[in-house]
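Trainee: Could you take a close look with me at one part of this model? I would like to hear about the aromatic rings and the helices that carry them.

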Amino acid sequence: MSDVNSTQPHSSQLDMMASDRYQSWRLVKDKLVARAVVVGGLSIIGAIVLIFFYLLYVVFPLLLSSHAESIAQYDTPEPALGKTLLLAMEEQNEVAVRFTETGKAIFFNVANGATIATENLPIPDKVSVTSFAHGDFDKAEVIYGLSDGRALIVKHDYKLSYPDGKRFISPSIQYPLGQQAIVVDNAGQALTQIAFKVGEDNGTLVAKTADNRMVLASLTQKKSLFDEEVTLERSDVLLETVGTDVDFMLLDKEQRNLYLANRKGDLTIFDVNDKTQPTIKHKLNVMNHGTEISSIEFLNGDISLLIGDSQGELSQWSMVRDQKNHFSVEKLRSFKVSKAPLVSINAEQRRKGMLVSDANGVIGIYNSTSERELIKQPISNNKPLAVALSPRANAFLLQGEDNKIHFWHIDNEHPEVSFSSLWQKVWYESYPKPDYIWQSSSASNDFEPKMSLVPLVFGTLKASFYAMLVAIPLSLFGAIYTAYFMTPRIRQYVKPGIEIMGALPTVILGFLAGLWLAPFVEMHLAGIFSLLMVVPLAVMIFAFFWQKIPEASRHLIPEGWDAVVLIPVILFSAWFAFAVSPSIEAICFNGDLRTWMNSEFGIGYDQRNTLVVGLAMGFAVIPMIFSIAEDAIFSVPKHLTTGSLALGATPWQTMTKVVLLTASPGIFSAIMIGFGRAVGETMIVLMATGNTPVMDLSIFQGLRTLSANIAVEMPESEVNSTHYRVLFLAALVLFMFTFIVNTLAEMIRQNLRQKYSSL
């Protein structure tokens, strides 16, 4: 029996074995948790890195340079049919047309120059072509001025079909105003210069005759009520004040402004909106001494003129209106193409770009908004006779004096983007001066994209600043009082109550801010400002009289319950502030503070403004800053505070000299996390402000932030378009901004921790 008992372990041994197993299992769990934490941390870092590289991947094409590549070179098709007056291509870059001085239209294959069809235009017998001009390229219209004072308008058209699943393009010639030539000059003089534009039911022709008269003809189409017969009514007027020296004529697509210029640089702009009484709007010289105009063309939209000179400089001129509603013609920008005269300017049909060629066969591609030289390439050793830019601006044809046609492909996807267009002031068309503007899209191809990120960054910082201006004082002072002065019994209700505010969805806060707070602030603006003065003053007055109360009476309120006594004071003073604000507004501000600010200082007021955003975002940020700062202050070791009090310091001195310094790393972290929260906020600024990307320091004006702009415009942007990639660039800027701020904040926090760790 004794042998059996000796072989069985004692209870103490069993306890030791169980303890060893527990410790072993605990070590295993600690290692597993430690590795899980490491894996989780590395996963977060990896996810952030992947997000960064994905944003960079989408943005990177904006940084790629443009280039052009030669595709083919061949002889001019049907050279015996006359000299080329115009080359043009259809949208697929497969079929082109050559209009000649003999009234022929030759369609040919762009890839090899093979003739597809030849059209004889209905030019009357014994009549020769004396002038030629193109209309809007997107309408594919041209006009022949004839020696008998008439003109023929022609349109080249292309129809797509897919027989056997393959694309087939059928070119044809159409006549928008009929096949009969239109009488422009009743005297029958030859038309030596001509310009025209044709609308849906009207048209305007301007011509210079052989005897130096300027004829303005207005055409109106009339449709019969009983059948589909269309008649053309014509009226004309002479422009008597121009003189004989006119080498270039341009009429804008709205048929309102007529531009006449000579080679010396004298530019005259007529207002022809009233076709019966054209008037001169501006006269100026656009050339320097010793320089002549060699070519002139409209930029897309017909708002700006592109003028090429004899010294190889391309300049953009546009009518701008100042703050006094006075118009003037200003030079917006210029590009130095070469030292040779610029003989051809081809504006893009869908963007604010242009292809320019000089007399030596060098082409340059530029964008007006970004002010970029995208491509400069020698194409031919001969002077260009005609240049055609495709509708999509991804290819061009150039015919030289050697009757060779060069076909080139263009890779130029994002010409609108440059450092200056994103981060510097740009002088946009119709604007009185250079400015920072974000206005990314429109329904018309004539629109000039304005993609400055500066207003968005400004709006982000402005909204965050005012949100932090509201949140920091309230949250930090609340955290200090709650963690150090408040009794634990109240703290157990106050702290969770404030923290639960952070669980409110921001979309609800934005909804309330936009639909309730914004109208309330507008109606009680004077009350809001009265509140900021009356409540602090009431608290100070109450505190002064509280000290005058006998000490025995004051001690009836337990220590740490002081805030409860202040609640009715704050509520009453807030009510009083709103109650007296109408009287203050009537006495001091003529009954309306908003109108008074506008009349006295020119400060406008938008209902959804920065003040509303600051209040709403401040409310959303307060719980985060309060919770982290309160935990940092409450976690200060008790021996530090008791030691300070034991040495004779007052509670306030202990707070300012010991507690705040020790908790400063945590407090700073709370502020920076709150700032990051405000910078990235989307829904509140989306719903509580007007989303106007303006740069105005006024707290009463709206704004647009980076995050809100992405949320608003990303669903509407075309994938892989310039707009789409710039939105990703805005996201990358926001990402980098928060990364840099958080990195600096962590460095400062570590410095504070080391500095005050010895306390």
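What follows is a walk through one helix and its partners, with a short stop elsewhere at the end.

Mentor: Happy to! Please keep in mind that this is a predicted model. A pair of aromatic rings is described by the distance of the centres and the angle of the planes. The structure holds 27 aromatic pairs, and a good one to begin with is F485 with W652. Their ring centres are 6.4 Å apart and the planes make an angle of 20 degrees, so this pair is stacked, because planes under 30 degrees apart count that way. The two partners come from distant parts of the chain: F485 belongs to helix α4 (residues 454-485) and W652 to helix α13 (residues 651-679), with their positions 167 residues apart in the numbering.

How open are these two rings? F485 is partly exposed, at a relative accessible area of 27%, whereas W652 reaches 55% and counts as exposed, because the limit for that label is over 50%. The pair also has company, as Y481, Y484, F485 and W652 form one aromatic cluster.

For contrast in geometry, look at F544 and F545. Their rings lie 5.4 Å apart, centre to centre, and with 80 degrees between the planes the pair is edge-to-face. F544 itself is partly exposed, at 49% relative accessibility.

Now back to the helices behind the stacked pair. The axes of α4 and α13 come within 10 Å and cross at roughly 145 degrees, and the crossing is right-handed. On the α4 side the contact includes T460, S464, A467, M468, I472, L476, I480, Y484 and F485. Among the α13 residues they meet are P651, W652, M655, V659, L660, I667, I671 and F675. By class, this contact has 17 nonpolar residues, four polar ones and no charged ones.

Helix α4 has another partner, helix α11 (residues 610-634); here the axes come within 6 Å and cross at roughly 35 degrees. This crossing, too, is right-handed. The contact of α4 with α11 divides into 22 nonpolar, six polar and two charged residues.

One α11 residue deserves a pause: E630, which lies in that helix. With 0% relative accessibility, E630 counts as buried. Leaving out neighbours within four places in sequence, E630 is in contact with A479, T482, A483, R491 and K495.

R491 brings us back to rings. The charged end of R491 sits over the ring of F634, 3.8 Å from the ring centre. The charged end of K638 sits over the ring of F634 as well, 5.1 Å from its centre.

Finally, a stop in a strand. K104 has its place in strand β4 (residues 104-109) and is partly exposed, at 21% relative accessibility. Setting aside residues up to four places away in sequence, K104 touches L81, R98, F99, E119, N120 and Y144. From K104 to P122 there are 18 residues in sequence and 9.3 Å in space, C-alpha to C-alpha.

Definitions and conventions. Residues numbered from 1 in each chain as written. Predicted model: local features only at pLDDT ≥ 70, side-chain atom pairs only at ≥ 80, totals over all residues. Heavy atoms only, no water. Phe/Tyr/Trp six-rings, centres within 6.5 Å; stacked < 30°, edge-to-face > 60°. Helix = DSSP H or I, 4+ residues; strand = E, 2+ residues; numbered from the N terminus. Buried < 20%, exposed > 50% of the residue type's maximum accessible area, 1.4 Å probe, protein only. Lys NZ or Arg CZ within 6 Å of the ring centre and 35° of its normal. Axes fitted to C-alpha atoms, helices over the stretch in contact; angles between N-to-C directions. Left-handed = near helix turned anticlockwise from the far one by under 90°. Contact = heavy atoms within 4.5 Å. Nonpolar A, V, L, I, M, F, W, Y, C, P; charged D, E, K, R; others polar.
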